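Colleague: Could you pick one part of this model and walk me through it closely? I'd like the geometry and the surroundings in one go.

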Amino acid sequence: MWLPLALSVVRPSLPARRAAIQCCDTGRGAAIVTGGSGGIGFAAAKLLAAKGADMVLAYGNDEARAEAACAELESTYGVRARAVRGDLSRESGREATVTSIFEAVDELGGNVSAFVHAAGYFHDKLMQNHFAGACTDFEVP
């Protein structure tokens with residue numbers, strides 16, 4: 001399994017970040033951005049939306065902030081955006097959260113063109129789905 005696009009706590013140089021956004025064919029599917037309603041996640045979502053990617057923003061608690069982020073992406077970039085609330089850090093809701101994320105992807109056409117993990121917790125189930133249409137040669141610096 002390969003990872004089409006991932007941001008981590010390690011901050012790559014600006015040229016490396018630009019290359020990461022440019023390598024993916026964002027017009028072929030939806031981008032999943034965990035932690036997508038603010039901070040680094042929302043910044044990445046804006047970059048991907050500017051390239052034409054529809055967006056699934058996964059967020060933790062602030063529904064108003066997530067809905068505002070989706071509205072901004074849709075009005076500014078003309079993409080479709082969906083917000084999915086969930087908590088990957090708690091086993092009790094993890095399966096439902098991952099399922100909801102991929103239901104939103106299906107609603108937007110069924111393909112994932114990019115994945116950005118900017119939330120505080122990651123679970124392997126996010127990588128058990130097929131990521132069609134993304135680059136295969138991206139290397140994390």
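Modeller: Sure, here is a close look at helix H3 and what sits around it. Keep in mind that this is a predicted model.

Let's start with the helix itself. H3 covers residues 63-77, and with 15 residues at 1.5 Å a residue it should span 21 Å. The C-alpha atoms at its ends are 21 Å apart, so the expected span and the model agree.

Now for which way it faces. Ala66, Ala69, Cys70 and Leu73 are the buried ones in H3. Around the axis they take up an arc of only 95°, so they lie on the same side of the helix. Ala64 and Ser75, on the other side of H3, are exposed.

What covers those buried residues? The cover includes helix H2 (39-50), along with strands S2 (54-59) and S3 (81-85).

H2 deserves a bit more detail. Its axis and that of H3 are 10 Å apart, and the two helices pack at an angle of about 25°. Angles under 35 degrees count as roughly parallel, and H2 and H3 are therefore roughly parallel to each other. Their crossing is right-handed. On the H2 side, the residues that meet H3 are Gly39, Phe42, Ala45, Lys46, Ala49 and Ala50. Their counterparts in H3 are Arg65, Ala69, Glu72, Leu73 and Tyr77. Ala69 and Leu73 turned up earlier too, among the buried residues of H3.

One last thing, at the end of the helix: just after H3 comes Gly78, with a positive phi of about 70°.

Definitions and conventions: Residues numbered from 1 in each chain as written. Predicted model: local features only at pLDDT ≥ 70, side-chain atom pairs only at ≥ 80, totals over all residues. Heavy atoms only, no water. Helix = DSSP H or I, 4+ residues; strand = E, 2+ residues; numbered from the N terminus. Expected span 1.5 Å × (residues − 1). Buried < 20%, exposed > 50% of the residue type's maximum accessible area, 1.4 Å probe, protein only. Arc of directions from axis to C-beta. Contact = heavy atoms within 4.5 Å. Axes fitted to C-alpha atoms, helices over the stretch in contact; angles between N-to-C directions. Parallel < 35°, antiparallel > 145°, perpendicular 65-115°, else oblique. Left-handed = near helix turned anticlockwise from the far one by under 90°.
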